[in-house]
Amino acid sequence: MTENLQSLCLANWNMEMKLDPAKDDLPLMANTRHMLVKHYVLDLDVDFKSQVIEGTIVLFFEPGSRCKKGGSAGEEACLSQSYETCKIRASEPCHSPVTNVSARSSKTEYNDFAVCAKGEKDTSDKNGNHSNGEQASGISSSKNCYDIENHGSEDFLLVLDCCDLSVLKVEEVDVAAVPGIEKFTRSAKLTDAEELRNLRNQIVHELVTLPADHWREQLYYYTRCSQAPGCGELLFSTGPWSLMIRKAEVQAPRDFPHAIRIWYKTKPEGRSVTWTTDQSSRPCVYTMGSPINNRALLPCQEPPVAMSTWQTTVRTASSFVVLMSGENSAEPVQLQEGLLSWYYYVTMPMPASTFTIAIGCWTEVKQESHIADIRTTNEFSSVFSRADLRLIEGSCGHGAYPCRFQNPAASSQLVIPHRVFAPWCLKDRCAEILLELIPRCLLAAHGTLGTHPFSRLDVLIVPSNFSSLGMASPHIIFLSQSVLTGGSQLCGTRLCHEIAHAWFGLAIGARDWTEEWISEGFATYLEDVFWAVAQQLPHDEAREQQELKALLRWRRLRDEVQNSEEELQVLRPNKERTGELSESGTCIIKHGLNAEKIFMQVHYLKGYFLLQSLAKRIGEATYFEFLRKFVQKFHGQLILSQDFLYMLLENIPEQKGYALSVENIIQAWLDTSGIPKPLLEECQTWDQCRLVQQVNDEVTKWIQVNQRARKRSKRKQRQDEVAFQKLLPDQLVLLLESLLEEKTLCLRTLQRLEKTYHLDEQDAEVRHRWYELVVKHKYTRRYGDIEKFLKEDQAMGVYLYGELMVNEDAKQQELAYKCFAATQKQMDVSSAKVVAEMLF
């Protein structure tokens, strides 16, 4: 590789990387204990030319847990904590309200400049934007803006999570001006400004607390209120991670406006959204599910406790399809020639981090008529008793919303309505693989856990720069194109994993983000169960496949523990303080910005092995009966690890004989780095599995073939008469991993290995191991395949860069630099950071 290409990679990387790698804790700044968002209304325009999403967001609040009862002492506590929370940014000035933002029409437009208050210096950029982290010098001296350091304690400060956004204007919404809103008021007397303010807040309170069966009316009035005129601009200031808003002379959250409108724009470099092109070279944008979640898409409250509903209108060119986490399958409305409007909503409160959007020239892959037969076939039933799927009597434990678990029709819906979207060039592959798999996997999930928490599902094949094999959000699953090659195994297991998140991760969420195992451990464990049912495997065959999978995961966990920092191996880094918040609701997510952690699987693997260990002790039938009870009790809520463990041991008291306790489980599995001791005792059993023994026999054959090939001269290259067995994809992974442990494999062995198993046609998991062999043994004929893999299978290829660099081979390093130069601009920040550290 030329020095110029390497220098170009390094220069681009240094320019684009903005996060300080030394600061790997993620701050959640929203003061949710003072004010809690109950509903968002977004009204957005998407411009692919400028790579900007712009518009308004209206937030409807209720007082938080510390402020609901009011009282001067409580109000003073709220005020004091708000001030202390933001004191660290006292040097950052408060922005004056932007006054020249035009009224919305079918297309939002902004003036090219902002008019500052009298005597102020115009410090906005050329678009009138005040952005996170920018220093608007001179504004803090304005008479119209309070200085945080000197006067912050005079007014209550609302803090939202916000990053990489340009906030233009913040205003109070006059919900009292909505026609027909009188039904939400107890009194029509308006004698002074204070009573009018109280009336507006009373209207919002009545609206957000409507009974669940009034959800249609509630959405209607949310829409009407969001379109109401403003009744006063609010002062605001932005920090690197937050948006701070205040209203002059309002000193308590109870009196702060409960409905506010924020005018804002995203930035092309914002880390919550990815602007790229799809596999058909058409422009698209999608949310990343990155460490900072959605705060660079919308100003919001990111802590999980801020569970809210939302509705969103998106306008974009008519060539684009808008997909989103929404309960409805949106039908676009044509506003004018070439412009469509899409509308989605949700009525189940969830954390703002679960909000997902994907806009592109997606093609819907239509369902073939014969596929529908799968849904009702009797032989495709769960191995678990249907009697266990009855509704648990009694009310749900969550707040009021239209819950599917209390709806008999929803509970008996084995397969929810679903659609598949993809770039045009992948349409046929999706039709061949996904259309048959989705109903099978959904049916298997229902047979295992019961009622589907969500009413419908879209599955989207995202662009090649997507950094994971899949991501689940309410009503929508993103899948990498890497799952579409090499048969149905990888696609089926990944689909089952993401479907499992509907229960664990979405319907039941972690109250503390550091407890990722609650989501990922359960999904990893359940993917095996769902996939066995979806394949209609006999019990013994399913057990063998699961033992093989356990061995592969054990090897992965062992390697990860040996090659990572101990701190990153702990499932509860906050330990006994897990779930605790400050008095205002702020917190720090340990290691939340650590790019290395994003690619670690310790939360998946240790969580999986914990659940597997519990199931083995309790017995499969008893364990799944308990899981269904747990889902019934905790759906729609946030949990900590002990919620699951306490209920498990209470429901199965006979386990006390095994000396099981919540405390010793937490100590052994969650609060300690390294391999849990109980797992060390179990791992020896998987080597005895028939499928593993079969692989071991094949490895022995290949070692013998390699030894003979090395001894044989070129004149005697006759093929050995060795019969190799056909292997499952997971067996091939184990075979290749075992051969990677051999010191050398000669060229003829590699060629024969490739031909015997058609390795270039296998799934991405198998090909990844194969390319590791190619790199290790410098099999130059297949370097072109590695280049293609690093470009098209970015969800899988990150660590191949490290393999290319470790041998210090000039050709391999040139290949790594070349691929990084070609893909770097489209990589997400974390992937690019990890690869750059390997290369430079």
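Start by selecting residues 165-173, which make up strand β6. This is a predicted model, and in it nine of the nine residues of β6 are buried, so the strand is largely enclosed by the rest of the structure.

Which strands pair with β6? Add residues 259-266 to your selection: that's strand β10, and β6 and β10 pair in the antiparallel sense over seven bridges. To see one of the matched positions, click Ser-166 and look across to β10, where its bridge partner is Lys-265. Now add residues 230-233, strand β7, which runs antiparallel to β6 and is joined to it by two bridges. Here, pick out Glu-171 in β6; its bridge partner in β7 is Glu-233.

Next stop, another sheet. Five strands form an open sheet in the order β18-β19-β20-β22-β21, with mixed pairing. Color β18 (363-365) and β21 (470-473): these stand at the edges, each with a single partner strand, so one side of each is left without a neighbour in the sheet. As you rotate the view, watch the twist: neighbouring strands are turned by 25° against each other on average, ignoring direction.

Inside that sheet, select 418-422 (β19) and 457-461 (β20), which pair in the parallel sense over four bridges. Show Val-420 and you'll find it opposite Val-459 in β20. Then bring in helix α7, residues 427-449, which packs on the sheet and touches β18, β19, β20 and β22 (476-479). The direction of α7 makes about 155° with that of β19. What lies across β21 and β22? Select residues 489-500 to find out: that's helix α8, running at about 145° to β22.

For the last stop, jump to a pair of helices. Select 798-806 (α22) and 829-839 (α24); their axes come within 9 Å and cross at roughly 5°. Angles under 35 degrees count as roughly parallel, and α22 and α24 are therefore roughly parallel to each other. Turn on side chains to see who does the touching. On α22, show Val-798, Tyr-799, Tyr-801, Gly-802 and Met-805; on α24, show Ser-831, Val-834, Val-835, Met-838 and Leu-839. How many of the residues in this contact are nonpolar, polar or charged? Color them by type and you'll get eight nonpolar, two polar and no charged.

Technical notes: Residues numbered from 1 in each chain as written. Predicted model: local features only at pLDDT ≥ 70, side-chain atom pairs only at ≥ 80, totals over all residues. Heavy atoms only, no water. Axes fitted to C-alpha atoms, helices over the stretch in contact; angles between N-to-C directions. Parallel < 35°, antiparallel > 145°, perpendicular 65-115°, else oblique. Contact = heavy atoms within 4.5 Å. Nonpolar A, V, L, I, M, F, W, Y, C, P; charged D, E, K, R; others polar. Buried < 20%, exposed > 50% of the residue type's maximum accessible area, 1.4 Å probe, protein only. Pairing = 2+ DSSP bridges.
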